[in-house]
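Visitor: Please take a close look at the interface between the protein chains, then follow it outwards to whatever adjoins it. Give the cut-off behind each term.

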2 protein chains.
Amino acid sequence: MVNGMRCRSQAARTGRPRSAAADAAILAATRAALVELGWSKLTLGYVATLAGVAKTTLYRRWAGKNELVVDAVAELFDELELPDRGSLAADIEGVVLQFAAILDRPEAKTALMAVVAESTRDEPLRERIRTSIVDRQKRLVLEGRARAQARGELPPESDQAAADRTAALIFDVVAGAVVHRTLVSAEPADEEWVRSFTRILLLGLTGASGG
Amino acid sequence: MVNGMRCRSQAARTGRPRSAAADAAILAATRAALVELGWSKLTLGYVATLAGVAKTTLYRRWAGKNELVVDAVAELFDELELPDRGSLAADIEGVVLQFAAILDRPEAKTALMAVVAESTRDEPLRERIRTSIVDRQKRLVLEGRARAQARGELPPESDQAAADRTAALIFDVVAGAVVHRTLVSAEPADEEWVRSFTRILLLGLTGASGG
DNA sequence: AGCTTTCGCTACGAGTCGTAGCGTAACTGT
DNA sequence: ACAGTTACGCTACGACTCGTAGCGAAAGCT
């Protein structure tokens, strides 16, 4: 679980502690409000009402709507895992289907693009998104590659810098394609689509992995 | 140029005509306001002031902020072209670099993701984005493939439905990767990145044969 | 001319924002 | 038990934006 609040990191060992139950209620209420209203019509006052807390409590813990929604949506990605499915192709298909399932939720659809749009003018927000959402996805790419190299499906990397660049590229291709399919083209990333995508990606990887 | 206003399409041949200069001024002012304030802090009142028109004029022509920004940003994509660069690889690299250049503009960065996020809860808006922005990009994929088939770089398609699915897949991969690289990873889609991306995509498309 | 539509301007109620102030609740150390 | 410290719920507030209505004047057509 991500420690969303960074204020008073280790100060205040005294006094009344913050309610952990309130945190969970607020984040759940935020997701419910996203489903009901969407990003643009979501107000912190309504979230507070849904969560059964005072509006001021929200402002004491989060700087604003952006930060709150990032934390609320980040929890959706807790379920992302990469079980060993025996082959690189199966691993890719599995994780892409998981990612697509998360993106299919209405709260993720309306919130993810919105906070990314906001982050283009808010560097701290971009960093928060990176650490609590993006990096967690990116790690799966690294795990998948290491596993494929252990199987002998991909050659080991010699140049570390080049390996990092390639991993970043693959990540942008995979995540970008699923997001674009789901949100821009607005069509489901179902099994058939994932199979086609994986086939093209794998052909591109096994042929180009030398550089 | 996209005809953004769909109301009174052929009625009202009489009376004072709408000022075309005001339209251009409003769209330019919208882009300027996006650069200055970003999506979330942009208000129609400020756009009206920038454009030198009354706020009510904005509401007479556009249903709201979403529609206005879509029209304003759509004009950025007018410059997208696909000159024949001699090979499929060169064509892909060229159009991806063009697309990346557009996405690098601050007004496109902050607006595109925001309107896509809005469109997940607004079907007419999604349709507007599709016709005025997405389809224009998608046509380049079809042109590029037809050209590559004429050169013999890609085999002709037998099954039309399968060909459509493949084109849609390629489009999501290309556009998604560039968008994700630019907005989520927040790193430039420069020539080196585009070359790496194109190499992987081409290997995936042509099968592992040539390279 | 007469008709029609747009334009600029002003004003308005409604809603949201983020904050301040207050009294109370919860927990800690002596 | 008691004082100290912090979080909480509640109310109220000024500032701001929204989208609309109403008015008189301007611009075009027949």
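Guide: The answer below starts at the interface, then takes up helix packing, the DNA and a few single residues.

The model is predicted, so to read it: local features need pLDDT of at least 70, side-chain atom pairs count only at pLDDT 80 or more, and totals for chains, interfaces and linings use all residues. Residues are numbered from 1 along each chain as its sequence is written, while chains are lettered from A and ligands numbered from 1 in the order in which they are written.

At the interface, 39 residues of chain A are in contact with 40 residues of chain B; contact requires C-beta atoms, placed from the backbone, to lie within 7 Å. On the chain B side, α6 (106-119), α7 (123-151), α8 (160-184) and α9 (191-206) each contribute at least two residues. Helices here are DSSP runs of H or I with at least four residues, strands are runs of E with at least two, and both are numbered from the N terminus. Helix α8(B) gives the largest share of this side, 12 residues. By class, the side of chain B that touches chain A holds 22 nonpolar, 11 polar and seven charged residues. Nonpolar covers Ala, Val, Leu, Ile, Met, Phe, Trp, Tyr, Cys and Pro; charged covers Asp, Glu, Lys and Arg; the others, Gly among them, are polar.

Chain B superposes on chain A by a rotation of 180 degrees with 0.0 Å of shift along the axis, at an RMSD of 0.1 Å. This is the relation of a two-fold axis. The superposition is by least squares on the C-alpha atoms of residues with pLDDT of at least 70 in both copies. Because 95% of the interface residues of chain B are also interface residues in chain A, the copies meet through the same surface.

Two of the helices that supply this side, α6(B) and α7(B), also pack on each other, at an angle of about 140 degrees with axes 8 Å apart. Axes are lines fitted to C-alpha atoms, for helices over the stretch in contact, and angles run from 0 to 180 degrees between N-to-C directions. The pair is therefore oblique: angles under 35 degrees count as roughly parallel, over 145 as roughly antiparallel, 65 to 115 as roughly perpendicular, and the rest as oblique. In this contact, B:Val115, B:Val116, B:Glu118 and B:Ser119 of α6(B) meet B:Leu125, B:Arg126 and B:Ile129 of α7(B). The residues concerned are four nonpolar, one polar and two charged.

Helix α7(B) also packs against α4(B) (residues 65-74), with axes 10 Å apart at an angle of about 10 degrees. These two helices are therefore roughly parallel. From α4(B) the contact takes B:Asn66, B:Glu67, B:Val70, B:Asp71 and B:Ala74, and from α7(B) it takes B:Leu125, B:Arg128, B:Ile129, B:Ser132 and B:Ile133. Their classes are five nonpolar, two polar and three charged.

In chain A, A:Asp71 belongs to helix α4 (residues 65-74). With 23 other C-beta atoms within 10 Å, A:Asp71 is buried; buried means 20 or more such atoms, exposed 12 or fewer, and partly exposed in between, with C-beta atoms placed from the backbone. A:Leu27 is 44 residues from A:Asp71 in sequence, and their C-alpha atoms are 7.3 Å apart. A:Leu140, in helix α7 (residues 123-151) of chain A, is likewise buried, with 21 C-beta neighbours inside 10 Å. Beyond its neighbours within four places in sequence, A:Leu140 is in contact with A:Leu80, A:Leu82 and A:Val95.

Turning to the DNA, 25 residues surround strand C, of which A:Arg16, A:Thr43, B:Gly15, B:Arg16 and B:Thr56 come nearest; a residue counts as near if its C-beta atom, placed from the backbone, lies within 6 Å of the strand. Elements giving at least two residues to this surface are α2 (44-51) and α3 (55-61) of chain A and α3 (55-61) of chain B. Around strand D there are also 25 residues, the closest being A:Gly15, A:Arg16, A:Thr56, B:Arg16 and B:Thr43. There α3 of chain A and α2 (44-51) and α3 of chain B each give two or more residues. The surface near strand D has seven nonpolar, 11 polar and seven charged residues.

One backbone detail remains. Most residues other than glycine have a negative phi. B:Ala186, in the loop between α8 and α9 of chain B, has a positive phi of about 60 degrees.

Terms used
Contact = placed C-beta atoms within 7 Å.
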